Amino acid sequence: MRDDSRARSARAIIRPFLLRNFGLVYRLSQWIRRRFTPAGMLVLGGLVAAGVFGIDTRRTLAFQIFALLFSLLVLSIVTAMTFRSRFRVHRLLPEFGTVNQPLTYRVIVENLSHRPQASLRLLEELRTRLPAYNEFKAARDPSKERRNWFDRYVGYPRWLELVHRNRGAAIQPIDLDVLAPREAIEARIGLTPVRRGYLEFSRSVIARPDPFGLFNAFYATENVQSLLVLPKRYSAPPIQLPGKRAYQHGGISLTVSVGDSQEFTSLRDYRPGDPLRRIHWRSYAKLGQPIVKEYQDEFFVRYGLVLDTFLQEAHEEVFEEAVSVAASIACAGRSQDSLLDLMFIGTDAHLFSSGRGLGGTDHMLEVLACVRPCREKSFSALRQLVFKHATKASGFIFILINWDWERQEFIRQIRLAGLPILVLIVAQSNDAETLDPGPMRQVPEQFCVLEVGKIEEGLGHLQQSPIH
Amino acid sequence: MAIFNNPPFTETMNTSVIKAPPMLLAAGLLFWGWQTDQIVFSVLMAAMLEASHWLKFRWAISDREFNRISDFSSILFVIIIVYLFMTQSIDGIFTILQWLPFIFFLIVLAQVYSHHGRIKLSALFISLRRKSAQAAGRTITEVDLTYPYFVVCLLSASLGSHRSLWFFAGLCFLSAWALWPVRPGRYGLRIWGPMLVLAFGLGYIGQLGMQNLQSAVEGMVLAWMDELLWRNRDPERVTTAIGSIGRLKLSDRIRLRVDAPNKLTTPLLLREATYNIFNLGIWSAHEPAFTFIDPEVGGTIWTLNRAATPTQRVTISTYLKNEKGMVPVPHGTRQISDIAAVGIEKNPYGAIILDMRPGLVRYRATFDAESSYDAAPTPTDLIVPDQYRAEIAQVATRLGLSGKAPKAAAEAIKDFFKQNFRYSLIQRGRYAGSTPLADFLMNSRKGHCEYFATATALLLRAAGIPARYAIGYSIQEYSALEWQYIARARHAHAWALAYIGHHWEVVDTTPAIWAGLEDASAPWWQAFFDLWSWGSYRLADWRYSDVNNGDPTSLLWLLVPLFAILAWRLYRSERVSRSKDLAQTEPNRCPRRGEDSRFYLLVDRLGKLGFVRRQGETLRAWIARIKLDGSTPPIGPILDLHYCYRFDPKGIDARQRQAMNSMVETWLEKMKV
């Protein structure tokens, strides 16, 4: 016991120290990978080896290799400083990308110098945020089983995975053909996003090797742009819950527009709290007291799509799949008159509506692209949000990443309120089979466990067993 | 507008596959074979690898088979490491490095004859192998081992025994060959060629510089070690460097300064200690008990031997690290003088210990080099250790020492070393089945002064002449800068003492060339160090003279500039603060209204009359408090006018002011102090 606590405290001291050095090592390795050509890296490796073996000049002649390779590299680096050509780089990004779906974008490179430019490479840079200590500590390693004990203890490969994930994608350099003076060429760059959210492009770099082909000179232009990567989406059936249409405060004006196209019914005296834009000014002028317009009440089917963001015990992979399921349901076809409210807890309680006259599916996907797990708040925040809007809703679709007592109790309360619901649990494959439906036992058609890796199949079952 | 696509993206896509051009590997292997004397193997290996360019057949080697070949190479590597470490200890690492082309040959051969022509990185790293097995769909980087293998050949070649300029020439040629195919297309031969020549030139200069740098660093480290150890020589024992492998190197630091009245025609030997028992490379002294010497009147003259009249004298300056330390003196010293030592001790073997404060010491030694005061020989001075007896006896027999008179025997030994031996600071190799000294005598016949002195002492003993081993310095370098002789650490010397004709004689058989060889290895910057050393010496000398003259007050003049600086700073700071005060107060000062009121003269007068106004007390309260007698004119009306003048926004007119002034004047007239 004492040994365990000692090991833990030792790790608590060593880890932050290691983390700081991870950053240094990473930056250095990135610099080497970008600046040195493959031949240059071989020369660099030979230089280090010759330096080690040639430390005693009387013992071996490796110091001569060291001296030669060193002078080659120094000349290469000095030559790189003479790269004075100018270019214009223009990047044309698509509107959206999707996680794990390859996408292509175009980059137009124009040679602004008066000399032809050959042997150039284009390197596109994505802004890379290095993980903070807490983020590193909290992150689970999906590849833990296949790592050796050293990697598991030190954690550098896990840290690298986090860096790669934060960056969002890796872009391979592309060789450019000869650029005549004042000529522009177009390069198509392919990348595959590995996460949702914004990919932040920072710089475009034109690399030119030195005469020995060992070291790259850089011409870098700030080319800041971002590309939104949407969550992965599965084909989901349109979901019809057996709920009634509900009165929507504000009527159609909420859903279509604000202006003259409302369905006018009558005039009445002003009551405190009525919005000023509803005052009928002509009547006000005639009667000398405020008169307001009244509209026909509107009834719509309005579903709540509730996403569970409380990632306490669940795996991050499960959360990502839950977001994908939410995105899939948001994209699924539904009737013209229905509204969909996406509810989740982030840094605050969020509610986004889509449907007739409101933000479209695109807007909802953008929101879902940026949803982050909530670690600061408790599940009760979601409970409050849902109950606050329960009166307006025709039914709820819950996408949960855990099925613990708290969530089961919440669902039980919702059911007691008489609201039709659909509960979708996203779970790891080994957990999926052992899940007890709990309060949903009586309505198995409204309860579905979606297994990570078989989400599409699970959503297909919804189609086969319609909810009534 | 042309359009180019980057290759389809994969997680770990390989972009670093470069294949060596034909015959480059063969050239690298042949170079390695030439340098390491493995030419037969290298020719065979080169032929097998390069034949792949002409032979059409290829094997379908799977990833798993590549893994096995890689594992086999790794196991072979480990076995060789274990074996070489067991047989050659740490030196085995160099043999391993020499054999690297053998060890990796199989996997390179498999690659060049495989259908794929490349190897997955997972074949070389087991961790990646596990990754590729579990993470299906991920592409593992592929590598071409031909260029890395070429680099390995060059590195292994550097461990060869042919240390000549041809290695660098070959290196340049092969580098140019290897770099040509990776040259970017935008550069022609006219740029590439001169740059490569420049790189070779810089490389050549660099490798010369590295050799010099190593010598310099070693010299500095040795100097430091020397500094640490030199001043603590043990009169009881000394460990010689007999048997040490490599180059013996001592520092150029100046240890002694000797002021001789006349120019030295032969090197003057200053002895530090004498030993008489030799065993396993260590000389020690039998019962080297020290005894105190009584000083003469005045306490600065110490006579070691009154028997003979000294004929020569020298003044020696050296440094003491501790309060007690051995100091070198000439052979046959009679008297030590001009030194304010607390005490001087000597042992029967001629070692002198000075007891005085650490730092620079200077003393005058008068001596007669022809004889010495050392104790008479004992049976110990005739012992030849068992492990050397056979070789020593063999040489003694060859020289016919047993039948010769002591003087003639000593001459014969000197001739023997002069004719057959040479001086060397470098010792190579080990001495299988022999001792280093025996190897020196019978085989290599080269060594440094410790070999010569030890062998001479033992041969003298074999001839029946009592002999001892002395260490000290050989004084022969005259410094034009210092106008005296100097002895550096590398001038440390060892010689034999033979007891001939009832006194101890120096028998120095080390070839005279030794000092020249030592001087030749001096670095070019030695002159700067000498200058620095001389400056330090002069400073120490000045302090030494001051302290010894018993008048340290002259150091006080050093305080003069300090006082001057302090005074200047005080003056400056005062002036600055004063000017600051002025600068700050002047602009802020706002003239108060009514401060020119003549009523203040009245206030001053009251103060002078002894009426003290309390802090914060208003004028009216003060005047009410003080008891003025009835003859005193009333102050109240004047004060009213003063208050009006001082505080009333409207002020007072000229008439009122005149009235106030006249009332004040009247009051002052009457209330004179």
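A nonpolar patch sits on the surface of chain B in this predicted model. Its members are Leu30(B), Trp34(B), Ile39(B), Val40(B), Val43(B), Leu44(B) and Trp166(B), and together they expose about 700 Å² of accessible area. Two helices of chain B, H1 (24–36) and H2 (39–50), each put in at least two of these residues. H2(B) takes the largest share, with four residues of the patch; Ile39(B) is a patch member that lies in this helix.

Now for the interface between the two chains. Chain A brings 56 residues to the contact, and chain B brings 60. Putting the chains together buries about 5,300 Å², and carbon and sulfur atoms account for 65% of that area. As for charge pairing across the interface, the salt-bridge rule comes up with zero hits between chain A and chain B. Polar contacts do turn up, though: twelve residue pairs are linked this way between the chains, counting pairs with both residues at pLDDT 80 or more.

On the chain A side, the elements that give two or more residues to the surface touching chain B are a mix of helices and strands. The helices are H2 (38–53), H3 (62–80) and H6 (156–167) of chain A, while the strands are E5 (174–176), E6 (184–191) and E7 (197–209) of chain A. H3(A) gives the most here, chipping in eleven residues. Sorted by class, this side of chain A comes out at 30 nonpolar, 14 polar and twelve charged residues. Charged residues are thus part of the chain A side, even with zero salt bridges found across the interface.

Note on methods
Residues are numbered from 1 along each chain as its sequence is written. Chains are lettered from A and ligands numbered from 1 in the order in which they are written. This is a predicted model: local features need pLDDT of at least 70, side-chain atom pairs count only at pLDDT 80 or more; totals for chains, interfaces and linings use all residues. Side-chain values use heavy atoms; hydrogens and water are left out. Contact means heavy atoms within 4.5 Å. Buried area is the accessible area (1.4 Å probe) that two parts lose on being put together, summed over both. A salt bridge is a side-chain nitrogen of Lys or Arg within 4 Å of a carboxyl oxygen of Asp or Glu. A polar contact is a pair of N or O atoms within 3.5 Å; within protein, one must be able to donate a hydrogen and the other to accept it, and residues adjacent in sequence count only if both atoms are side-chain atoms. Ala, Val, Leu, Ile, Met, Phe, Trp, Tyr, Cys and Pro count as nonpolar, Asp, Glu, Lys and Arg as charged, and the others, Gly among them, as polar. Patches are made of residues with over 30% relative accessible area and no salt bridge: like charges are joined within 9 Å, nonpolar side chains (Val, Leu, Ile, Met, Phe, Trp, Tyr) within 5 Å. Accessible areas come from the Shrake-Rupley method with a 1.4 Å probe; for residues, only the protein chains shown count as cover.
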